[in-house]
Amino acid sequence: MELIGERAGNNISFWERSAQNFCSAPVKENLRADVCVVGAGIAGMTTGYLLACAGRDVVIVDDGPVGGGMTGRTTAHLVNALDDRFYEIEKMLGKDTARLAAQSHTQAIDRIDEIVREENIQCDFERVDGYLFAPPGASAKTIEEEYDAALRAGLREVQKLPGPPIIQHVDGPALRFPRQAQFHPLKYLNGLASAVARRDGRIFTGSRIVSIKGGESVRLETREGYNITARAAVVATNSPINDRYVIHTKQAPYASYVVTFRVGRDVIPHALFWDTAQTAEEEKKLLGPIPYHYVRLAPDGEDDLLIVGGEDHKTAQAFDFEKRFTHLEEWARRHSSAVGQLVDRLCGQVMEPVDALAYIGADPTGDENVYVVTGDSGNGMTHGTIAGILLADLITGRENTWMRIYDPKRKTLKPIVIADYAKENANVVAQLRDYLTSGDVSQANEIKAGEGALIRDGASKLAVYRDESGTLHRFSAVCPHLKCIVRWNATEKTWDCPCHGSRFDCLGHMVNGPASADLEPIF
Ligand SMILES: Cc1cc2nc3c(=O)[nH]c(=O)nc-3n(C[C@H](O)[C@H](O)[C@H](O)COP(=O)(O)OP(=O)(O)OC[C@H]3O[C@@H](n4cnc5c(N)ncnc54)[C@H](O)[C@@H]3O)c2cc1C
Ligand code: FES
């Protein structure tokens, strides 16, 4: 990797290749502000922007560039057709919550649309239809159930069709969700950054926040020891760095894979597609758990790119990267004869909440005047925008009807949620077996250039990376968050923690919270 924290993985996304990095200076003195936002992804930038629009003196701090986290690796579908399905949300949280969830995501897309026009942001924003369909051979029951639940949630324009357009070899019914949207996420964030700067907001990149203490005045500290004092702080680090336990027992990190292909311009009309694989119990029985797929197009010079995602699994708990990329490629070629040259492959991480909705609001540990946004699932573009609207309202004292459904303190006592909570937390405990197992290799000379592996060293484990010049870099394999053992991600060349999703680049630098420290170097 060229720069510390430049991006959250070794592979470069189309967005990262096709937009400029928005970088500014790091924090070099103590600062004061009305609000300090930590993290310059979609959640932090939208919150900072809306607070700046409300006349607040805003400071935004990121340890990388703007958009160097998961917002640089997303596929940026902007949807009110939620990944977790309205009929599931109804079962877990009730009809009223499903309705407010639909309303909030619809308004998030509308707000992005308004911001793009008002700030004149050239980010390829376009309204498109979205199609939800069952994979070949699967039951149509999910589609039927989702249609009824979407109507009950207030999405009155959703239509049932005999099948999706464009996607070949699919026989079941489909749902059409009108007025979804898509954009280039990094061009959008760059536009927000310029709009914040025009309103005298201050953006600092290359500065890591290592401590946040709430109170009447919130005190944040950078790694270099500078203090930022603010009336409120927003922790928008994708996974909160200020809370060690509470929120991390209610969400789990999942890796998701993306492949990109060249297709001719206008060969495939722009639209969004999602299949229902893995979300339907019936399909699991029929077909086994098939990871789901999500598809969109994006303009790239003379061509369009087809961007296909899916093959999710729990972070650092599967290592068959090649197989997963191959599955995605085979799936894309089977379902569209227009698919051309493969141009990109990468993976990223999403935070899956136990009950489908993000956690947005006052810090659940009760830290005064500290707010968090996390758990944004595969709908982080709209959840991040909802966070901007909701947190700006909370901080400026305005009423917001979404506060209850996104409250990070909420407890959902439905048996399916409790079962998921228990399963995810048992999975975390199970990862502690890594303290007893042997290493991936027994000696460093077995590690090839550009690769990493765990080596047992007495009672402890070392994370060892050999760089391209042959030099070895040794770290304690103990994750600084809550001390699980990290594992090597050979496709992104990162050390990933299977417990709560902290990730570190090959040289041990943190690229994903909840950890805020690097892996400890061993000399
Ligand atoms: C493969 C993939 C596909 C996806 N597809 C979609 C999609 O189609 N639609 C959708 O809505 N969502 C999608 N998502 C989810 C979405 O991309 C994310 O939920 C969203 O980008 C998260 O935004 P964020 O602002 O919360 O976090 P990030 O973008 O990760 O931003 C957090 C920022 O905090 C900074 N940071 C972390 N720790 C510190 C610290 N200690 N000090 C200072 N700064 C710090 C990081 O550098 C980073 O820039 C996808 C995700 C992936 C991985
Ligand atoms: S992320 Fe929690 S222990 Fe590593």
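Okay, one term before we start: a residue counts as buried under 20% relative accessible area, exposed over 50%, and partly exposed in between. Keep in mind that what you're looking at is a predicted model.

Let's try that out on helix H4, residues 95–118, which holds both aspartate 96 and arginine 99, three residues apart, or about one turn of the helix. These two form a salt bridge, with the closest N and O atoms 2.7 Å apart. So is arginine 99 buried or partly exposed? Its relative accessibility is 36%, so partly exposed. Aspartate 96, at 41%, is partly exposed too.

Now for a pair from separate parts of the chain. Arginine 208 and aspartate 518 meet through their side chains in a salt bridge, 2.8 Å from N to O. Arginine 208 sits in the loop between strands S7 and S8, and aspartate 518 comes in the segment after strand S24, so the bridge ties together parts 310 residues apart in sequence. Arginine 208 is buried, at 3%, while aspartate 518 is partly exposed, at 23%. Through shared partners, salt bridges join Asp63, Arg208, Arg223 and Asp518 into one network.

Asp63 brings us to ligand 1, since Asp63 is among the closest of the 38 residues around that ligand. The shell splits into 15 nonpolar, 18 polar and five charged residues. Helix H2 and helix H9 are among the elements that each supply at least two of them.

What about contacts? A backbone N or O atom of methionine 70 lies 2.8 Å from an oxygen of ligand 1, and a polar backbone atom of alanine 43 is 3.0 Å from a ligand oxygen. On its own, ligand 1 exposes 1,000 Å², and the protein buries 97% of that.

Conventions:
Residues numbered from 1 in each chain as written. Chains lettered and ligands numbered in written order. Predicted model: local features only at pLDDT ≥ 70, side-chain atom pairs only at ≥ 80, totals over all residues. Heavy atoms only, no water. Near = heavy atom within 4 Å. Polar contact = N/O pair within 3.5 Å; in protein donor to acceptor, adjacent residues only side chain to side chain. Areas by Shrake-Rupley, 256 points an atom, 1.4 Å probe, with all protein chains shown as cover. Helix = DSSP H or I, 4+ residues; strand = E, 2+ residues; numbered from the N terminus. Nonpolar A, V, L, I, M, F, W, Y, C, P; charged D, E, K, R; others polar. Salt bridge = Lys/Arg side-chain N within 4 Å of Asp/Glu carboxyl O. Buried < 20%, exposed > 50% of the residue type's maximum accessible area, 1.4 Å probe, protein only.
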